[in-house]
Every structure is written in C-alpha cells, then in structure tokens.
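The exercises below concern the structure shown next. Work through each task before reading its solution.

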Amino acid sequence: MPRTFVLLPIFLLLLLVSPVCAEVQIALTGLPKELQLQVLEAIALPPALKNPGPLNPLWLERYQKQLPQKVHDILEPFGYFHAEVSSRQEPEGDKVLLRVHVDPGPAVRLVERRIELVPSTAERPDLALKDFPLKTGDVLREDLYETGKAELLAHVQDQGFLDARFTRHEVQIDRELNQARIFLQIASGERSRFGAVKFSGADEFPERFLRRYLAFKPGDEFSYRLLGRTQKNLRDSDRFRRVLVIPLPEERQGVKLPIEIELEPRKRYSLRPGIGYGTDTGARLALRYRDANVWKLGHTFNLDLLAAQKSQSYTGSYAFPGYRNLNTGLNLQGGYRAEQLDNYNNSYIFSEAEQTYGFGGSRIGAVFVRAQYEKSDISADSVYTGFLMPGLRYTEVQLPETTGKGYGYHLKGEVRGSDQRFFSEISLMQLLGSADLFVPLPFRTSVTLRGQVATTLTDHPFEEIPASLRFFAGGDRSVRGYAYQALGPKDETGAVIGGEHLLAGSIELGKQLGQHWGVALFIDTGNAFNSWDDYVLKSGAGAGLRYGTPVGPIQVDLATPIGGEKFSLRLHIGIGFGW
C-alpha cells in the first residue's frame, strides 16, 4: 500500500485534535438570580481551558459532557432535583462562546417538620421553633437545614443542657412528588449548673467586690447568656482592659460547671480631660481625677472640674460598693456649682448622701438626703436659701443592644421635699419624672419620643424658692427654637422667673446615612407654669444633622417657634463628651 494512504488518516486525526487558538467564555441562562452565581462558580472552567494559548477541542468536549452532573450537584442542595442542562458551542472570531441553559424544574418543598426534645429532666426549654429557617411549604435547602439544626442545638445547650445531641436527624425526599419531610430529635441530657467561680489577674481587688459583677450565683442553671452579661458587667466597670469568662467543662463535677474569669486591670489612677460645646452652656472644659480602688477595697473616688461659659462645677464623690448586687452601694458627694444665664444667676454649695439598691437588670432605686445653701439672683430679687432635702429616686435604662429587639428606653422618677421644721428655710414637695423611648423603623429610620413632667406642692411664697428648685423650659434638650431656660412665668418686667410645674415632650424622626451621619426632623412642645388649670404650651420644630465622633455625638439642630409665634431661627449645637 502506498505510504500516502497510510499517513493520510493519521494526518486527519491530528487535525481534529490539534489545538487552535481560541478563548472560551460561558453564557449561563435559565436560572433565578440567587442561583446564577452559585452555578457559575460550580461550572468554572478548568485550568486547561483558561490558560492562554491554543485550545484543545477534546478538553472542551470532555468539559461539556461533565456540565449536567456539575449542575445537578450544585442545585440539589437548593431543592432542585430535576434540572435539565443543554449546551452548545458558538465560535465567535478568536473566541468560543459556550452557551449553557439550565431548566431547574420543580422544586422539592417541605410538607412535614417534626422536631422533638427528649429530656431526662422534668423541665423542657423552649426550642424556639418559630425561628427555625425552614417551614412547611418552603423549598428544601440544605444550607438552611444545617443552620437550623445548629441553632436549635445551640439554643438547647444555652439553656444549660451542655450534653444535648441529636439522636435523629433525618430528611426524607420523595423525588416523584417533589416533597420532603424533616425529622429531628434532641436528647437534652441533664441540665448543668454553675459551679465554683475563680478569678485570676486582679489580686488587688477583693474577691467579694469582684463577685458583685457576676450575673449568676453558683448553683444557678448554666447559661451562656449569663456568662456574656457577666463579661459585659466587668468591661463596663471601666476597671479592666481585658476580661475573659471561661467555662471549664474538663473540670465539671457532675452537673456543676466551674468558671474561670481572667482579668487584666487598668491603671488605678487616671486623669482624663474632656471638651465639648452646647448652645445651652457654651464651650466647656472638663477634668476628672479618679482613684478606682481606694484602700484596695474597690471604693471609688472622683474629683470633677467643669468650666463652661455659662456654668461652673467643682465636685467630689466617694462610692462605697455594696455586696448585694452590682447596683447597690453608698455614694457621697459634695461641691460647688454656679450658672450665669440671661434670666437668673445662681450659685450653691451642697452635699448629698445616696444609698442605691439594684432590683435586677438596670432597675435602680435610691434613698437620698441633700443639704444645700444657695444664692439666686432672679429678675430684681436676691434669694438666700438653705434646706435639707430627703427624697427617693428610680431609674431604669435599656439600651437597644440589651433589649435584643432594637428598641431602647430610659425612665427616671424622683420625689423630694423639705420642711421648715427640719433644718430648712422652705417647705415644699416636688415630683419629677421623665421617659425616653427609641423605636427602630424600617429603612434605617427610627423615632425617638421624649416626655418630662414635674410639679411642686407648697404653701411657701414662690419668690423665696431658689432657682435650682424652680422649673424652666427651652433649650437643646427641652423646647428647641427657644433659648435655654427662656420659657416660664414672667414678672411684671417681662423677665422669666420660672414656675412651679413643668410639662414637655418631643417626637423626633431620624434617618441614618452611612456609618456616622444621620438627619432628623423634630417637633418639641412644653412650658413651665404655676397652675395646672391655666397653662400654655410653647412649640418648636426643625431639622437636624447628626455625626458620631470619638468624643461623643455632634448634634446640630435648626429650629423655629411654631403655633402663632413670630418666625425666627435658632441654632442648637451640642458636642457630647464622656469620661
């Protein structure tokens, strides 16, 4: 046979398998957007087809034959078991376009979900089934199933059942009917309890003092949530730069789980400056000296100096911690304060003793007694007054992160009074209350509601009551659109002299813009007055800009009086500062 006929088939075969210069691109159609990226990642070209240079047609054909199985493998965990895949090659100049069309077919949906807890104790913790990500009628998704399993097990373990495990975790799929059933069974085991607590790294603090920060007692049912609250209590004390709360399962004795708390204290002594500005007070400078562990007993001594354009304050305080709980203790303070405003000037020296009691969470009650001597220049009158004033206080604060639902609130109430028969030059009783509520709304918006009420019960001549016990309205945190302390009853000369009662409220709609910026619209209303039967509320409205900084939020508001008042614009600026 001639050599030419022998070599011709070989030559033709080499032409078929010889590489050609071409770039391969994939065009995928037929899938919803949420699955498009998943499938594109799964069918990504192998290195042999992505490398620059000649294209091997046999490699491309082999890859094309593998596409249906690759697509099936990625779609099944998303609930699609009947996908059909077609593909074709379309040469385009020096490129090869590989068109892949996927018809996912009908999805497998959940028709039954049975989740059971088999406890070995009498108590059954809530499984929080409402939060399980797969519900009847949903498309069966493997990722949501695994997430739900992990969250359920973590929820049971957080109830104190540390040995909880799945004794059944089964998914039954009927491909013909496109139906799925989930069966989960959790054996809880015996509930663990907090065992002994050991502190390390903070020997200069008495252990009795450190135990105030525990959110649990040895013997209580174990909970990771309470461990987290304990860690937060210690961090918020501003005494420790590092806090680690560590359960020790390897040392567990029966159901009792020991806890170790590693602490790294901050410096005992600190000197911290602060700056700020507020339309109410003007520019201000502050300085705080602090001893965070007096006598190495956990006692605290603070010396605060505040110098502002319109006010000055020089105070000292000493806190004796109580051992009943974190919010119990005895606080002593005293010092000098003064204000210089357009409608009055006052200055006073004071001392106060306050015994606080924690009632769980952030609820704090207090009994106090205050001694004060004050000079007030109001209008054309000068008032010199000394009094001894006992009273009761109540506060409750829930920040958005502690409520777990995004909202927050701050409640305050106070009852105080003095009597001429007991070391006082005036007799009166006052009741004060305020409430702030923060409610998140969709689209990164929120509404903040504020309310304030105060009243005075007295038969004493009003002109003998000092400025610190009179009520005024207006200013940055009252009725914006009016100057600070500019609202209230007036004398015959038109000077504001304050009133016996106060009523104020505000509604503010905020919108977050980016990480630090925000804007707000608000309406404020309120006034001070002398009779509940005859009073007029003044109102203001405006808009504001918010910006978060390391020294506190910057708040810039532009407001005007409304409700028949003469139009004017007033700028309110506040730059918060913290210690």
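Which residues does leucine 75 touch, not counting residues up to four places away in sequence?

The model is predicted: local features need pLDDT of at least 70, side-chain atom pairs count only at pLDDT 80 or more, and totals for chains, interfaces and linings use all residues. Residues are numbered from 1 along each chain as its sequence is written, and side-chain values use heavy atoms, with hydrogens and water left out.

**Exercise 1. Place leucine 75 in its core.**

Step 1. Contact means heavy atoms within 4.5 Å. With residues up to four places away in sequence set aside, leucine 75 touches Leu31, Leu35, Val39, Tyr80, Ala83 and Val102.

Step 2. A nonpolar core is a set of buried Ala, Val, Leu, Ile, Met, Phe, Trp, Tyr and Cys residues joined through side-chain atoms within 4.5 Å. Buried means under 20% relative accessible area, exposed over 50%, and partly exposed in between (1.4 Å probe, protein chains only). The largest such core has 24 residues, and Val39, Leu60, Tyr63, Leu75 and Val102 have the most contacts inside it.

Step 3. Helices (H or I, at least four residues) and strands (E, at least two) are DSSP runs, numbered from the N terminus. At least two core residues each come from strand E2 (23-29), helix H2 (33-42), helix H4 (57-75) and strand E5 (95-103). H4 gives the largest share, six residues.

Step 4. Another core, of 22 residues, lies apart from this one; among its members are Phe199, Phe205, Phe209 and Leu257.

**Exercise 2. Find the buried side of H2 and explain why its residues lie together.**

Step 1. Leu35, Gln36 and Val39 are the buried residues of H2.

Step 2. Because they cover an arc of only 115 degrees around the axis, they sit on the same side of H2. The arc is that of the directions from the helix axis to the C-beta atoms.

Step 3. These buried residues of H2 pack against E2 and H4. Lys33, Glu34, Leu37 and Glu41 are exposed, on the face of H2 turned away from its buried side.

**Exercise 3. Describe the sheet that contains E9.**

Step 1. Two strands pair if DSSP finds at least two bridges between them. The order E9-E11-E10 describes an open sheet of three strands with mixed pairing.

Step 2. Strand E9 (193-200) and strand E10 (240-247) are the edges, each pairing on one side only. E9 pairs with strand E11 (residues 256-265) in the parallel sense over six bridges.

Step 3. Helix H7 (residues 224-236) packs on the sheet and touches E9, E10 and E11; its direction makes about 165 degrees with that of E10. Axes are lines fitted to C-alpha atoms, for helices over the stretch in contact, and angles run from 0 to 180 degrees between N-to-C directions.

**Exercise 4. Compare the settings of two salt bridges.**

Step 1. A salt bridge is a side-chain nitrogen of Lys or Arg within 4 Å of a carboxyl oxygen of Asp or Glu. The count by this rule is 37 salt bridges.

Step 2. Arginine 181 and glutamate 112 form one of them (3.2 Å, N to O). Arginine 181 is in strand E8 (residues 179-189) and glutamate 112 in strand E6 (residues 109-119), 69 residues apart. Arginine 181 is partly exposed at 28% relative accessible area, and glutamate 112 is partly exposed at 23%.

Step 3. Arginine 480 bridges to aspartate 524, with the closest N and O atoms 2.7 Å apart. Both arginine 480 and aspartate 524 are buried. Salt bridges that share partners join Asp436, Arg450, Arg477, Arg480, Glu508, Asp524, Arg546 and Asp557 into one network.
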